[in-house]
Amino acid sequence: MATGRTHRPATRSRGIPEATVARLPLYLRALTALSERSVPTVSSEELAAAAGVNSAKLRKDFSYLGSYGTRGVGYDVEYLVYQISRELGLTQDWPVVIVGIGNLGAALANYGGFASRGFRVAALIDADPAMAGKPVAGIPVQHTDDLEKIIKDNGVSIGVIATPAGAAQQVCDRLVTAGVTSILNFAPTVLSVPDGVDVRKVDLSIELQILAFHEQRKAGEETAAGDGALPAATSRGAAADDSADQGPDGDVPAVMPA
């Protein structure tokens, strides 16, 4: 079995690098904010700053979409919103199931950003019989015994796993067998999936550990500077910029949008 590193054929055929695909949602979020403020055009520098990347990288990313902007004018905000939404597949409604309705699963179910970003929570699933029928975010929880039927009836191809680590692989296997081909994994474990199934992992503890690393390094640099020594040559900005080149399957885990 592979480990979820297979990329979609449509992305490969268009020649869009996975690192660029990983940045498209950042651009879309920034553009959506501009659109909500009725801003008609935006320069590459302004949009790059809003998305947290450099302008040269943004212009290169947009070149893969065939969008080059207009010199002296910039990019048309509404057209870019449409163009990126289409590329990401957000011009259609994607039904999603969330498996594991504990504190995290319930929080995800209540997250208001799914609908506005092209996703519909079609079902909530949990192994606890006591949870069956209880409404969470207005959706009744269903038992895992019915998982395969739920997937089929709702035409689901995207599953979210928010179970404890010990149950995640079994849930993953059942989702894949039922026809799910993309999985967002919140469980603190690595999932094994067959070729053709994409997995994105979200691990908040890893994100905090990375921040702790930077805090420790900053403290060390301040101490060294106080002792008259030169600070380390490594730049946090450069490190952060390099991390942006990691694809969805790189060492930097995914994070949920704000």
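**Exercise 1. How are helices α2 and α4 oriented to each other in this predicted model?**

Solution. Start with the axes: those of α2 (residues 18-36) and α4 (residues 55-64) cross at roughly 105° and come within 11 Å. Next, recall the cut-off: 65 to 115 degrees counts as roughly perpendicular. The two helices, α2 and α4, are therefore roughly perpendicular to each other.

Now look at who meets whom. From α2 come Thr20, Arg23 and Tyr27, and in α4 they meet Lys57, Leu58, Asp61, Phe62 and Tyr64. Sorted by character, the residues of this contact are four nonpolar, three charged and one polar.

**Exercise 2. Which strands are the edges of the open seven-stranded sheet, and what packs on the sheet?**

Solution. Write down the strand order, β5-β6-β4-β3-β7-β8-β9, in which the pairing is mixed. Then check the ends: β5 (135-136) and β9 (198-201) each pair on one side only, which makes them the edge strands. Follow β5 to its partner: β5 and β6 (residues 139-143) run antiparallel and are joined by two bridges. Pro135 has Pro140 of β6 as its bridge partner. Finally, add the helix: α9 (residues 165-178) packs on the sheet and touches β3 (94-99), β7 (158-161) and β8 (182-185). The direction of α9 makes about 170° with that of β7.

**Exercise 3. Is Gln83 buried or exposed?**

Solution. Locate the residue first: Gln83 lies in helix α5 (residues 77-88). Its relative accessibility is 3%, so Gln83 counts as buried, the cut-off being under 20%. To see its surroundings, set aside neighbours within four places in sequence; Gln83 is then in contact with Leu65, Gly66 and Ser67.

Conventions. Residues numbered from 1 in each chain as written. Predicted model: local features only at pLDDT ≥ 70, side-chain atom pairs only at ≥ 80, totals over all residues. Heavy atoms only, no water. Axes fitted to C-alpha atoms, helices over the stretch in contact; angles between N-to-C directions. Helix = DSSP H or I, 4+ residues; strand = E, 2+ residues; numbered from the N terminus. Parallel < 35°, antiparallel > 145°, perpendicular 65-115°, else oblique. Contact = heavy atoms within 4.5 Å. Nonpolar A, V, L, I, M, F, W, Y, C, P; charged D, E, K, R; others polar. Pairing = 2+ DSSP bridges. Buried < 20%, exposed > 50% of the residue type's maximum accessible area, 1.4 Å probe, protein only.
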